[in-house]
Amino acid sequence: PTPPATDANGFPLPERPACAAESGGEFVRATTSEGNGVGILLLGEGASGVVLGPQDGGDICMMLAYGEELAADYRVALYDWKEPRSEVPLLAVQALRGAGADRVVLGGASYGGALAMSVAHRARPRLAGVFSLGGELRLPGEDFRPGIRRWRGPLLEVSSRQDPYFDSAD
């Protein structure tokens with residue numbers, strides 16, 4: 001048998017996850033600045049797109065059901081985490097744009113939302129908006145606030161009083 005293709009670091013390239021075997025769409029790969037292969041699942045059609053980032057420890061499967069729902073009206077990108085993580089949301093934005101989306105909203109849950117808010121200002125062309133589902137402002141060793149302050153555009157942050165990482169006071 002043929003050995004699996006590898007990234008620049010010798011690790012197997014990402015493959016479409018089993019959870020998405022019947023989801024259709026296109027599975028693409030991108031590469032981080034450290035040479036790590038990133039898996040990105042593109043669903044739906046159209047010129048408007050949404051990137052859905054998973055929480056820490058999450059993956060494409062975590063956001064798949066919501067992604068499939070959104071794909072009825074939008075082009076959607078779902079991704080897995082690789083290092084450096086701060087690059088991955090923007091790689092997903094690039095993949096969506098490469099597939100034909102010209103208006104893109106970047107968002108995610110928890111860590112995915114925190115990174116979406118903190119890297120949104122770096123996206124070129126400019127994003128149509130950003131959303132966060134309980135994305136943290138700070139974590140041990142990480143402060144997302146400087147990047148968040150640089151975003152000048154629509155931002156939707158969803159939280160609750162009981163969220164220990166991003167409550168309604170934040």
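**Close-up views of a predicted model**

**A. D56 and its salt-bridge partners.** At 45% relative accessibility, D56 falls in the partly exposed class. Please keep in mind for every view that the model is predicted. Here the side chain of D56 meets that of R85 in a salt bridge, with N and O 2.4 Å apart. This contact brings together distant parts of the chain: D56 sits in the loop between β3 (48-53) and α1 (60-70), R85 in the loop between β4 and α2, and 29 residues separate the two. If you widen the view a little, E83 joins in, as D56, E83 and R85 form a network of salt bridges.

**B. The cis peptide bond between E83 and P84.** E83, a member of the salt-bridge network with D56 and R85, is joined to P84 by a cis peptide bond. The omega angle of this bond is about -10°. P84 belongs to the loop between β4 and α2, and R85 is placed in that loop too.

**C. A salt bridge from the segment before β1 to strand β1.** The structure has four salt bridges, and this view shows the one between E15 and R29. Their closest N and O atoms lie 3.1 Å apart. E15 is in the segment before β1 and R29 is in strand β1, so the pair links distant parts of the chain, 14 residues apart. How accessible is E15? With a relative accessibility of 55%, E15 is exposed, because the cut-off for that class is over 50%. R29, at 42%, counts as partly exposed.

**D. D143 and R145 in contact.** The side chains of D143 and R145 come together in a salt bridge, with 2.8 Å from N to O. Both partners are partly exposed: D143 has a relative accessibility of 39%, and R145 has 27%.

**E. The largest nonpolar core.** Which members of this 34-residue core touch the most other members? They are I40, V51, L106 and L127. Several elements each supply at least two residues: strands β1 (26-31), β2 (37-43), β4 (75-79) and β5 (103-109), together with helices α2 (88-98) and α3 (111-119). Helix α2 makes the biggest contribution to the core, with seven residues. As background, nonpolar side chains tend to be buried together in soluble globular proteins.

**F. Helix α3, a covered element.** All nine residues of α3 are buried. Following the helix from its start, you meet Y111, G112, G113, A114 and L115, then A116, M117, S118 and V119. Each of these is buried because its relative accessible area is under 20%. The helix also supplies at least two residues to the core shown in view E.

**G. S110, a residue with positive phi.** S110 lies in the loop between β5 and α3. Its phi is positive, about 55°, although S110 is not a glycine. Is S110 buried or exposed? The relative accessible area of S110 is 19%, so the residue counts as buried, under the 20% limit.

**H. Q94 on helix α2.** Q94 is part of helix α2, the element that gives the most residues to the core. Q94 itself is exposed, with a relative accessibility of 53%. For a sense of distance, look across to L115: the two C-alpha atoms are separated by 16 Å, and the residues are 21 positions apart along the chain. L115 is one of the buried residues of α3.

**I. A surface patch of positive charge.** Four arginines, R122, R124, R126 and R150, gather in this patch on the surface. R150 is located in helix α4 (residues 145-150) and is exposed, at 58% relative accessible area. Within the patch, R124 is also one end of a cis peptide bond, with P125 at the other end and an omega of about -5°. P125 is found in the loop between α3 and β6 (129-133).

**J. A nonpolar patch on the surface.** L133, L156 and V158 make up a nonpolar surface patch of about 240 Å². V158 is in strand β9 (residues 155-158). With a relative accessible area of 38%, V158 is partly exposed.

Note on methods: Residues are numbered from 1 along each chain as its sequence is written. This is a predicted model: local features need pLDDT of at least 70, side-chain atom pairs count only at pLDDT 80 or more; totals for chains, interfaces and linings use all residues. Side-chain values use heavy atoms; hydrogens and water are left out. Patches are made of residues with over 30% relative accessible area and no salt bridge: like charges are joined within 9 Å, nonpolar side chains (Val, Leu, Ile, Met, Phe, Trp, Tyr) within 5 Å. Accessible areas come from the Shrake-Rupley method with a 1.4 Å probe; for residues, only the protein chains shown count as cover. Lys and Arg count as positive and Asp and Glu as negative; His and the chain ends are not counted. The place of a charge is taken as NZ of Lys, CZ of Arg, CG of Asp or CD of Glu. Helices (H or I, at least four residues) and strands (E, at least two) are DSSP runs, numbered from the N terminus. Buried means under 20% relative accessible area, exposed over 50%, partly exposed in between (1.4 Å probe, protein chains only). A nonpolar core is a set of buried Ala, Val, Leu, Ile, Met, Phe, Trp, Tyr and Cys residues joined through side-chain atoms within 4.5 Å.
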